[in-house]
Amino acid sequence: MDEDYKNLKIAEKGARISIIAYILLSMLKLTLGYFYQSKALTADGINNSTDIIASLAIIIGLKISGKPADDDHAYGHLRAQTISSLVASLIMIAVGLDVIYNAVYSTIFLKNKAPDMISAVVAIICAILIYAVYVYNKRVALRIKSSALMAAAKDNLSDAWVSMGAAAGIIASQSGFPWIDPLAAVLVGILICKTGWEIFKEAAHNLTDGFDSKQLDSIVSRIKEIDGVSCVKGTKARVHGNNILIDIVIGVNSKLTVVKSHEITEEIEKMLNREFKIKHVIIHVEPDSKY
């Protein structure tokens with residue numbers, strides 16, 4: 001468990017980087033959007049402001065996940081980071097719908113504008129910066145298997161899309177193609193909603209104790225290869241934060257001693273930790289009826 005809590009600290013660092021980036025970018029975009037009368041840049045700055053809330057939700061989830069096991073939470077609080085991913089996904093979906101709504105509204109009421117080109121330059125620079133944060137957070141999330149930090153990384157990527165969409169709209173309005181602005185905004189909004197929905201589905205699947213059946217089949221196949229295991233009578237697995245919890249029922253020769261049966265379970269535990277990074281295993285041994 002010590003490694004789990006160490007990884008949570010690493011994930012918190014990534015979430016803090018996201019918050020710092022969003023604070024700086026939102027201040028820059030809102031200030032320049034006001035002085036250069038760029039509605040697109042101002043809207044992008046407001047979007048980054050809402051992302052601060054999503055990142056805070058993720059940090060809170062990671063903080064709660066770091067609490068040790070207690071009387072009410074025998075497995076610890078690691079699942080809190082999955083809940084924070086769920087909250088972040090809902091915020092992303094709300095932002096995506098708002099982007100789409102504003103784009104459609106501006107098209108219907110013909111509120112096209114031609115802000116200064118410096119706004120487009122600022123939007124592109126901000127997109128590059130937040131994309132760099134996305135690359136960092138994604139790399140760390142994959143290494144420590146943090147669903148919360150991966151949600152933050154996908155949020156970073158969606159914000160890079162928003163900034164590029166804002167830049168495309170500003171450049172298009174300067175070039176005499178004002179219709180590209182709302183079109184780009186709609187596409188960006190759809191991408192944000194799609195990303196948020198994917199995070200929501202994964203988080204909801206984990207919270208309802210869903211588990212990838214193909215991965216479970218691979219685990220079962222590997223257990224059957226362990227010397228002394230005559231059959232696998234049942235397996236259940238679920239995701240708990242960035243960990244996998246698994247319950248296994250195996251059949252062994254009824255003539256084996258308790259000591260030998262225990263040695264087989266230890267071999268299974270070592271294999272699962274070595275090959276699947278599964279550290280939390282409960283194995284029930286039963287006599288195989290064919291012996």
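This is a tour of a predicted model, stop by stop, with a selection to make at each.

**Stop 1: the sheet**

Select residues 231–240, which are β1, and 280–287, which are β3. Add residues 243–252 for β2. Together the three strands form an open sheet with mixed pairing, in the order β1-β2-β3. β1 and β3 are the edge strands; each has a single partner strand, so one side of each has no neighbour in the sheet. From one strand to the next, the twist averages 10 degrees.

Keep β2 and β3 on display. In which sense do β2 and β3 pair, and over how many bridges? The sense is parallel, and there are eight bridges. As a general matter, the strands of a sheet pair through backbone hydrogen bonds, in either a parallel or an antiparallel manner. To follow the register, label Ile248 and find Ile283 of β3 opposite. Then label Val249, which stands opposite His284 in β3.

**Stop 2: the helices on the sheet**

Add residues 258–276, helix α8. Helix α8 packs on the sheet and touches β2 and β3, with its direction at about 145 degrees to that of β2. Taken together, β2, α8 and β3 make a β-α-β unit, which is right-handed.

Now add residues 213–224, helix α7. Helix α7 lies across β1 and β2 and runs at about 140 degrees to β1.

**Stop 3: salt bridges**

The structure holds nine salt bridges; three are visited here, starting at the sheet.

Show the side chains of Lys233 and Glu286, which meet in a salt bridge at 3.2 Å, N to O. This pair links distant parts of the chain, with Lys233 in strand β1, Glu286 in strand β3, and their positions 53 residues apart in sequence. Lys233 is partly exposed, at 41% relative accessibility, and Glu286 is also partly exposed, at 27%.

Next, select Arg274 and Glu275. Their salt bridge has its closest N and O atoms 3.7 Å apart. Arg274 counts as partly exposed at 48% relative accessibility, and Glu275 is partly exposed with a relative accessible area of 37%. Extend the selection to Arg222 and Glu225: salt bridges with shared partners join these two with Arg274 and Glu275 into one network.

Then go to Arg79 and Asp209, whose side chains form a salt bridge at 2.9 Å, N to O. Why does this pair tie together parts that are 130 residues apart in sequence? Arg79 lies in the loop between α2 (39–65) and α3 (80–108), whereas Asp209 lies in the loop between α6 (180–207) and α7, so the salt bridge joins those two loops.

**Stop 4: two positive phi values**

Stay on Asp209 and check its backbone. Asp209 is not a glycine, yet its phi is positive, at about 60 degrees. Most residues other than glycine have a negative phi. The relative accessible area of Asp209 is 37%, so this residue counts as partly exposed.

For the second case, select residues 117–144, helix α4. At 1.5 Å a residue, the 28 residues of α4 should span 40 Å, and the end C-alpha atoms are 41 Å apart, which agrees. Lys145 follows α4 and has a positive phi near 55 degrees. Lys145 is found in the loop between α4 and α5 (147–174).

**Stop 5: two residues of α3**

Return to α3 and select Gln81, which is found in this helix. Is Gln81 buried or exposed? Its relative accessibility is 0%, so Gln81 counts as buried. Leaving aside residues up to four places away in sequence, Gln81 touches several residues, including Leu8, Gly61, Leu62 and Ser65. Ser146, Ser147 and Ala148 are also among its contacts, as are Gly241 and Asn242.

Finish at Ile100, also found in helix α3. Draw a distance from its C-alpha to that of Val186: the two are 4.8 Å apart in space, although 86 residues apart in sequence. With residues up to four places away in sequence not counted, Ile100 touches Val186, Gly189, Ile190 and Cys193.

Notes:
Residues numbered from 1 in each chain as written. Predicted model: local features only at pLDDT ≥ 70, side-chain atom pairs only at ≥ 80, totals over all residues. Heavy atoms only, no water. Pairing = 2+ DSSP bridges. Helix = DSSP H or I, 4+ residues; strand = E, 2+ residues; numbered from the N terminus. Axes fitted to C-alpha atoms, helices over the stretch in contact; angles between N-to-C directions. Contact = heavy atoms within 4.5 Å. Salt bridge = Lys/Arg side-chain N within 4 Å of Asp/Glu carboxyl O. Buried < 20%, exposed > 50% of the residue type's maximum accessible area, 1.4 Å probe, protein only. Right-handed = clockwise from strand over helix to strand, strands pointing away. Expected span 1.5 Å × (residues − 1).
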